[in-house]
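Subject: A structure for you to look at

Hi there,

Here is the structure I promised to pass on to you. Have a look at it first, and then read on for what I found.

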Amino acid sequence: YGQGPIFSRYFLQTVYSMETATAPNTASTTAVTLNADANANGNNERAKNKIQVSINRPNQFYTELALQLLKQHDEVELSGLGSAITSVVTISEKLRTSGQAEVKKIHTSTIPLTSGRPAQKGKIQIVLKKSQKFLESLEQI
């Protein structure tokens with residue numbers, strides 16, 4: 001607590017490995033997208049400030065992760081599929097009501113599931129930006 005990033009290089013590489021090991025056509029919300037050290041060659045296509053929320057981890061984990069990413073970036077994007085949508089909304093609302101972040105954009109959509117019978121799955125993306133209170137708390141440190 002208090003010093004250095006929360007996640008080690010090993011953790012980031014492990015998460016990246018888990019994410020790339022999942023089948024490309026499955027709609028899974030089990031991986032956390034953290035790509036800070038994923039591609040050392042610099043041609044990382046995914047943004048470093050995106051979090052894919054899952055129902056497999058507690059909301060507090062994602063709340064703390066979002067705060068850490070807000071320290072490094074001006075914005076953080078939370079996204080979730082299916083039953084993880086409620087977690088994304090809860091996390092965003094927790095950050096908003098605590099004054100740490102402001103909602104910049106909300107986007108909802110459906111994505112087709114290609115495995116099994118044809119179906120649609122809901123998706124939400126919420127972009128949060130640093131609030132004035134967050135910036136003031138950083139200045140005090």
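Let me start with one residue: does serine 79 count as buried or exposed, and why? Please keep in mind that this is a predicted model. Serine 79 has a relative accessibility of 12%, which is under the 20% limit, and therefore counts as buried.

Where does serine 79 sit? This residue belongs to strand 2. Its bridge partner in strand 4 is glutamine 125. If you set aside the neighbours within four places in sequence, serine 79 is in contact with Ile51, Gln52, Val53, Val88, Ile124 and Gln125. The C-alpha atom of threonine 108 lies 9.6 Å from that of serine 79, and the two residues are 29 apart along the chain. Threonine 108 has a bridge partner in strand 4 too, namely isoleucine 124.

Now for the sheet. Strands of a sheet pair through backbone hydrogen bonds, either parallel or antiparallel. Here, four strands make an open sheet with mixed pairing, and their order is 1-2-4-3. Strand 1 (50-52) and strand 3 (101-113) are the edge strands, each pairing on one side only. From one strand to the next, the twist averages 20 degrees.

Two of the pairings are worth following on your screen. Strand 2 and strand 4 are antiparallel and share seven bridges; along this pair, glutamate 77 stands opposite valine 127 of strand 4. Strand 3 and strand 4 also run antiparallel, joined by twelve bridges. These two strands form a hairpin with five residues between them, and in the turn glycine 116 has a positive phi of about 75 degrees.

Next, the helices that pack on the sheet. Helix 2 touches strand 1, strand 2, strand 3 and strand 4, and its direction makes about 170 degrees with that of strand 1. Helix 3 touches strand 2, strand 3 and strand 4; the angle between its direction and that of strand 4 is about 15 degrees.

Helix 3 deserves a second look. With 13 residues, helix 3 reaches 18 Å from its first C-alpha to its last, close to the 18 Å expected at 1.5 Å a residue. Which of its residues are buried? They are Ser87, Val88, Ile91, Ser92 and Leu95. These buried residues lie on the same side of helix 3, because they cover an arc of only 130 degrees around the axis. An α-helix has 3.6 residues a turn, so residues three or four places apart point the same way. Thr86 and Thr97 are exposed on the other side of helix 3. The cover over the buried residues of helix 3 includes helix 2, strand 2, strand 3 and strand 4. Just after helix 3 comes glycine 99, with a positive phi of about 85 degrees.

Finally, the core. The largest nonpolar core has 18 residues, and Ile51, Val53, Val76 and Leu78 are the ones that touch the most other members. At least two residues of this core come from each of helix 2 (59-72), strand 2 (75-81), helix 3 (85-97) and strand 4 (119-130). Helix 2 gives the largest share, six residues. Two of the residues named here, Ile51 and Val53, are also among the contacts of serine 79, so to speak back where we began.

Enjoy exploring!

Best wishes

Note on methods
Residues numbered from 1 in each chain as written. Predicted model: local features only at pLDDT ≥ 70, side-chain atom pairs only at ≥ 80, totals over all residues. Heavy atoms only, no water. Core = buried A, V, L, I, M, F, W, Y, C linked by side-chain atoms within 4.5 Å. Buried < 20%, exposed > 50% of the residue type's maximum accessible area, 1.4 Å probe, protein only. Pairing = 2+ DSSP bridges. Axes fitted to C-alpha atoms, helices over the stretch in contact; angles between N-to-C directions. Contact = heavy atoms within 4.5 Å. Expected span 1.5 Å × (residues − 1). Arc of directions from axis to C-beta.
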